[in-house]
Amino acid sequence: MRCRRPAIRAVDAAQPFDMEAQASDLLDRRGRLKIAIIGFGNFGQFLAQTFARQGHTLLAHSRTDHSAAAASLGASFFSDPNDLCEQHPDVVLLSTSILSTATVLRALPIQRLRRNTLFAEVLSVKEFPKNLLLKHLPPDFDILCTHPMFGPESGKDGWAGLPLVYEKVRIGDYGDRAERCKRFLDIFEREGCRMVEMSCAEHDASAAETQFLTHTVGRLLSLLDLKSTQIDTKGYEALLKLVQNTGSDSFELYNGLFMYNKNSTELLERLDMAFNSLKKDLFGKLHDVLRKQLFEDSAGN
Ligand code: NAP
């Protein structure tokens with residue numbers, strides 16, 4: 001989307017326009033970015049490991065004090081979001097739970113950021129954050145929606161070949177803005193991710209079939225408390241792996257996949273119908289056999 005250069009206005013009294021232009025010119029020539037991760041939980045920390053390895057400067061803010069984890073990754077942790085925003089990151093990356101994102105975003109003092117900061121997010125649903133960011137952020141902020149289709153478990157041995165879905169929702173076409181967005185996406189490309197540019201709506205339609213289904217089956221199976229045996233088949237091993245892959249994600253994440261993807265309700269209903277249809281087939285055949293036996297027994301008497 002093309003953005004017109006906005007009129008100068010005092011968004012942040014501490015950050016006059018000249019300074020902003022200067023800071024923008026100072027985008028590290030070696031491709032490094034200053035990235036502020038908001039929501040430094042399971043996934044935020046997982047991403048930070050790779051960002052840090054690639055030499056980016058990391059800032060972090062979260063509801064919980066994750067300062068020790070941040071320090072171990074070479075990131076600076078800020079309990080107060082005002083302090084973080086005053087560091088003028090190039091990119092603010094939301095890695096909050098789907099359910100808390102609106103509240104967290106509203107509490108961010110965005111007036112303390114550089115006026116053309118890039119907002120990116122990694123939520124597992126896409127239409128919801130896209131609409132939220134478009135509604136909440138002033139038009140001068142850039143917006144990049146992404147979904148790394150992997151997590152700390154499936155991506156623990158590297159990201160090569162794993163899909164990174166993204167939509168450039170709003171990237172301004174002056175200054176270093178396109179370059180900044182490219183550099184952020186390059187982080188994933190350098191790790192060998194399969195880069196998939198796709199609209200947020202398309203993503204959500206597919207993700208209900210793939211992601212929500214996977215998590216639902218994984219969670220269902222985990223309720224059975226399955227154990228490995230001496231005679232595991234390949235199929236059973238795949239089921240145990242699915243339980244392991246989905247079990248380390250929070251219930252809040254799973255709930256978000258359901259609540260904030262309108263396609264998930266229909267998928268759950270289809271799954272329910274499919275299960276009932278299978279049971280009907282099995283019990284129908286069992287009834288036939290039992291009835292036949294009953295009649296044979298009574299005829300023999
Ligand atoms: P999550 O349970 O979805 O989110 C945990 C994060 O949300 C933590 O940083 C937590 O902060 C924050 N949070 C939760 N409730 C909050 C509240 N009321 N106020 C403020 N912050 C709150 O688990 P996650 O695995 O870390 O996922 C983070 C995001 O990445 C989600 O949007 C998820 O959909 C997306 N994602 C996850 C994966 C994955 O495999 N895990 C893959 C792709 C995308 P504190 O830690 O400070 O409590």
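Start by colouring the whole chain by confidence: the mean pLDDT of the protein chain is 90, and 90% of its residues reach 70 or more. Here pLDDT is the predictor's confidence in each residue, from 0 to 100. What you have open is a predicted model, in which local features need pLDDT of at least 70 and side-chain atom pairs count only at pLDDT 80 or more, while totals for chains, interfaces and linings use all residues. Residues are numbered from 1 along each chain as its sequence is written, and side-chain values use heavy atoms, with hydrogens and water left out.

**Stop 1: the start of the chain**

Select residues 1–24. Over this stretch pLDDT stays under 50, and the model has 35 contacts for it beyond four places in sequence. A contact means heavy atoms within 4.5 Å.

**Stop 2: two domains**

Now colour 31–198 and 204–300 separately. These are domain 1 and domain 2 in the domain assignment of the protein chain; such bounds come from an automatic or database domain assignment. Their C-alpha centres lie 35 Å apart. The contact between them takes 14 residues from domain 1 and 15 residues from domain 2.

**Stop 3: the sheet**

Switch to a cartoon view and look for the strands. Helices (H or I, at least four residues) and strands (E, at least two) are DSSP runs, numbered from the N terminus. Eight strands form an open sheet in the order E3-E2-E1-E4-E5-E6-E7-E8, and the pairing is mixed. Strand E3 (76–77) and strand E8 (194–197) stand at the edges with a single partner strand each, so one side of each is left without a neighbour in the sheet. Two strands count as paired if DSSP finds at least two bridges between them.

**Stop 4: walking from E1 to E3**

Select strand E1 (34–38) and strand E2 (residues 57–61). These two run parallel and are joined by five bridges; to see one, find Lys34, whose bridge partner in E2 is Thr57. Helix H2 (residues 42–53) makes a right-handed β-α-β unit with E1 and E2. Right-handed means that, with the strands pointing away from the viewer, the path from the first strand over the helix to the second runs clockwise.

Next, continue to E3. Two bridges join E2 to E3, again in parallel, and Ala60 has Phe77 in E3 as its bridge partner. Helix H3 (residues 67–72) completes another right-handed β-α-β unit with E2 and E3. Four of the five residues of E2 are buried, so this strand is largely enclosed by the rest of the structure. Buried means under 20% relative accessible area, exposed means over 50%, and partly exposed is in between (1.4 Å probe, protein chains only).

While you are at H3, click on Ala69, which sits in that helix. Ala69 is partly exposed, at 22% relative accessibility. Leaving aside neighbours within four places in sequence, Ala69 is in contact with Phe40 and Gln45.

**Stop 5: strand E6**

Select strand E6 (residues 142–148), which is joined to strand E5 (residues 118–121) by four bridges, the two running parallel. Leu118 has Asp142 as its bridge partner, and Ala120 has Leu144. E5, helix H6 (residues 127–136) and E6 make a right-handed β-α-β unit. With E7, E6 pairs in the antiparallel sense over six bridges, and Leu144 stands opposite Lys168 in E7.

How many of the seven residues of E6 are buried? Seven of the seven are, so E6 is largely enclosed by the rest of the structure. Show the side chains: Asp142, Leu144, Thr146 and Pro148 point one way, and Ile143, Cys145 and His147 the other way.

Then add helix H7 (residues 177–190), which lies across E1, E4, E5, E6, E7 and E8 and runs at about 10° to E6. That angle is taken between N-to-C directions, on a scale from 0 to 180 degrees, using lines fitted to C-alpha atoms, for helices over the stretch in contact.

**Stop 6: two positive phi angles**

Most residues other than glycine have a negative phi. His88 has a positive phi of about 50° although it is not a glycine. Look for His88 in the loop between helix H4 (81–85) and E4; at 18% relative accessibility, His88 counts as buried. Asp225 also has a positive phi, near 55°. This residue lies in the loop between helix H8 (200–222) and H9, and Asp225 is exposed, at 53% relative accessibility.

**Stop 7: Thr246**

Finish in helix H9 (residues 234–247), where you will find Thr246. Is Thr246 buried or exposed? Thr246 is buried, with a relative accessible area of 5%. Not counting residues up to four places away in sequence, Thr246 touches Thr214, His215, Gly218 and Arg219.
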